Amino acid sequence: MAFKQVPQKFTAKINPLTIGEGADAITLGGENVLPFYSFDAAIDNAPKIGIEISDNGYAANIPGIAEFYAGAETLPEIAKKAAAAPGVDFLAISMEGAHPDNGDRPVDECAKLVSDIAAVVNIPIVIEGSRNVEKDAKLFEKLAEALQGKNVLFLSAREENYKSIAAAAGLAYSQKIGAESAVDINLAKQLNVLISQMGVKTDSVAMNLGSAAAGYGFEYVATTIDRVKSAALAQNDNMLQMPIVTPVASETWTVKESIVSEEDFPEWGSSEERGINMEIATAAACLAAGSNAVILRHPESVATVSKLIAALI
Amino acid sequence: MALKGLDIFKLTPKTNCKDCGNPTCMAFAMKVAQGAVALDKCPHMSDDVKAQLGDATAPPMKKIEVGSGDDKFTLGGETVLFRHDKTFVSKNLYAVAVCENGIDEKLPEILKVDYDRLGERMYVEFLYVMYRGDAAKFAETVQKAAAEGRGIILEVTDEEAAKAALAVAGDRVILSGANASNYAAFSKLATDAKAVLGVSGASLDELYDTVTALEKLGNKNLILDVAGETVKETFANAVQIRRAALKDNDRTFGYPSLVNLHKVAHGDAHLQTALAALFTLKYGSIIVMDGVSYAQALPLYGLRQNIYTDPQKPMKVEPGIYTLNGADENSVCVTTVDFALTYFVVSGELERSGVPLNLLISDAGGYSVLTAWAAGKLSANSIAKFFKEQEIESKIKSRTLVIPGKVAVLKGEIEEKLPGWTVVVAPNEAVELVKFFKEFVKA
């Protein structure tokens, strides 16, 4: 008696969301099976990997990253190097320097910086906010205008500022919107409903459900993503069928395991190696739960996660 | 579940005698159907009926124990595919592969990783010893491995070599070597040695047939080697086996899995980290790696601890004084709750500030700050009680206490309960702590 396989193919599917322009455009989502369950049905669009830089450049305190970007002086040069890293699908620019407590870079200057980057980079661009809701509202309006025609994903539309971001980026300049919520399926759904009520089509929206480093409450992340995927596929909930984009690096490169020095914890070994493994393990866990894209910083992590995806699809 | 409560109820004595601890036979039958109560709690059912019902009401995935006594390892026994449906019960375990000739150089590295995280010991639980043709050498290596107090997995298909190794492997041993051609002999070997039998197959069909044959021989103490030729096939096998057991009620595949990354991702440590994370979420029971360095262990064991927490029970840290950044008795005190996530986030930020601080964790029921406050578990009284129990005032000379911004309302009350102390209110969010304490020291 042979094993009877029961494929689990859903009639509902995750919305396909295309970002970028021309030959380098990528599509997130579109699948009608659980993550990497290609034995149930073909997965057309493999999960994608973004490499993260910021308006301030790159994380120069990490030896491997500094080495990778060596020779790149200006932001466009850094962006070009990032975009050329093996395994990269899109470029994520974190606007951390625009935060009022962290340099407060003026909106116009930010617009100039990202325009200069967009002029030299062909792969799709994802913009991450400054983590200040008021500033992001003003900032994204300007950036959406500056990046017209580039089909950019603006990742950080939150409950407090989604109105101005959806109106400017989503409606006026036809960019893509990323709805950011904090690891809670109900909040995620509510924000999607609100954004769609503004007139933004649901297939122009991605979700950032929030993240955590492995060991730091990751069970909430895994369970939220699990439940969102289950609602989207099994219950055909069209307010949760947006593809999921998870910024991983910003969580993993701040935890103790990644940052304490080897002098302080000699038995733990190289801090860079710890940081890379933390980034890889967290990214792999996000993808296993159902993220359609992850955002990473270290080129070695990008290469490894790219290998993982290639091996599974 | 295959059987409904009513089907079971028909076979009960229907006397409502309460001997099983339930008010009625109907209530008992419903619980049995949910898997909440074992059938043998009813003393009045005939053996015939029990046998008839036994298979149908058995849990969909067997719980397999490696060894006996206090130091045994438990695998499987899962009832759900997703932790939010109930909880996962048996955390996945790690093994490191060693060749019959390779143990001496590998062992020190393996033993190095051994630490405590939230009261759980984090170490490589199993050594996976591979037979390469020299039975004497194999047995010698197994003996060395067993002497280190870890469980042993034997990868061997040679009967004589297996027998010699089993004799020296201790009692926490998995004999991973049964396949379609040798299963009868290996089943006997494993049963005689009280070892769990690892089964593999060239395909899921072959594996399925071999397990069916082994069960016919009466051996239900199995673990399934899910490794295929590729990573993709291995993942597909792990998912399909677990799903068949838990979703489709196919008990033939209701056994724990063995995922051999040494086989499918040999020599690539970073890829193994990624795969180990994947299989921690999706259905690996034992994960075999080339090695587990601290850099790999820290995220992987942390992830495992997260995924295998019961969603109904919050993770807690021990109440007490945690000294950060070389703090001493004169360093400022900071307090927060014992919810593990809060503790990790707060202590991480405090460490990043570089300021020497005494972090005081009181018992707040494992809740987050606001929840604990709302539930009355974090109050001026609870903090004062904690100070008394831990004799803080005799251990610490500083008289400054920083409290979470979210419970700023407690400031006055705490100052009343703790005369002589200055209470300072921290920011609302942990991310603001670094800035706060850097400026706090300057002031």
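User: What makes Asp71(B) count as exposed?

Analyst: Quick heads-up: this is a predicted model. Now count the neighbours: Asp71(B) has 11 C-beta neighbours inside 10 Å. A residue is called exposed at 12 or fewer, so Asp71(B) counts as exposed.

User: And where in chain B does Asp71(B) lie?

Analyst: Look at the loop between β1 (63–66) and β2 (73–76) of chain B; that's where Asp71(B) lies. Here's a fun one to try on the structure: Asp71(B) and Arg172(B) are 101 residues apart in sequence, yet their C-alpha atoms are 8.7 Å apart in space.

User: Okay, what about the opposite case? Which residues of helix α2 of chain B are buried?

Analyst: In α2 (residues 25–34), they're Cys25(B), Phe28(B), Ala29(B), Val32(B) and Ala33(B). To be called buried, a residue needs 20 or more other C-beta atoms within 10 Å of its own.

User: How do you know that these buried residues are on the same side of α2(B)?

Analyst: Check the arc: they cover only 135° around the axis, which puts them on the same side of α2(B). The general rule helps here too: an α-helix has 3.6 residues a turn, so residues three or four places apart point the same way.

User: How much of chain B is buried?

Analyst: Buried residues make up 47% of its 443 residues. The chain has 18 helices and 17 strands.

User: Let's do strands, then. Why are β13 and β17 of chain B called edge strands?

Analyst: Start with the order, β13-β15-β14-β16-β17 (chain B), in an open sheet of five strands with mixed pairing. Both β13 (320–324) and β17 (422–425) pair on one side only, and that's what makes them the edge strands. From one strand to the next, the twist averages 30°.

User: What makes β14 and β16 of chain B a pair?

Analyst: Strands count as paired when there are at least two bridges between them. Strand β14 (residues 332–336) and strand β16 (residues 400–403) of chain B have two bridges, in the parallel sense. For a spot to zoom in on, Val334(B) stands opposite Val402(B) in β16(B).

User: Last one: how confident is the predictor about chain B?

Analyst: On a scale from 0 to 100, the mean pLDDT of chain B is 91, and 98% of its residues reach 70 or more. For the complex, the predictor gives an ipTM of 0.97 and a pTM of 0.89.

Terms used
Residues are numbered from 1 along each chain as its sequence is written. Chains are lettered from A and ligands numbered from 1 in the order in which they are written. This is a predicted model: local features need pLDDT of at least 70, side-chain atom pairs count only at pLDDT 80 or more; totals for chains, interfaces and linings use all residues. Helices (H or I, at least four residues) and strands (E, at least two) are DSSP runs, numbered from the N terminus. Axes are lines fitted to C-alpha atoms, for helices over the stretch in contact, and angles run from 0 to 180 degrees between N-to-C directions. The arc is that of the directions from the helix axis to the C-beta atoms.
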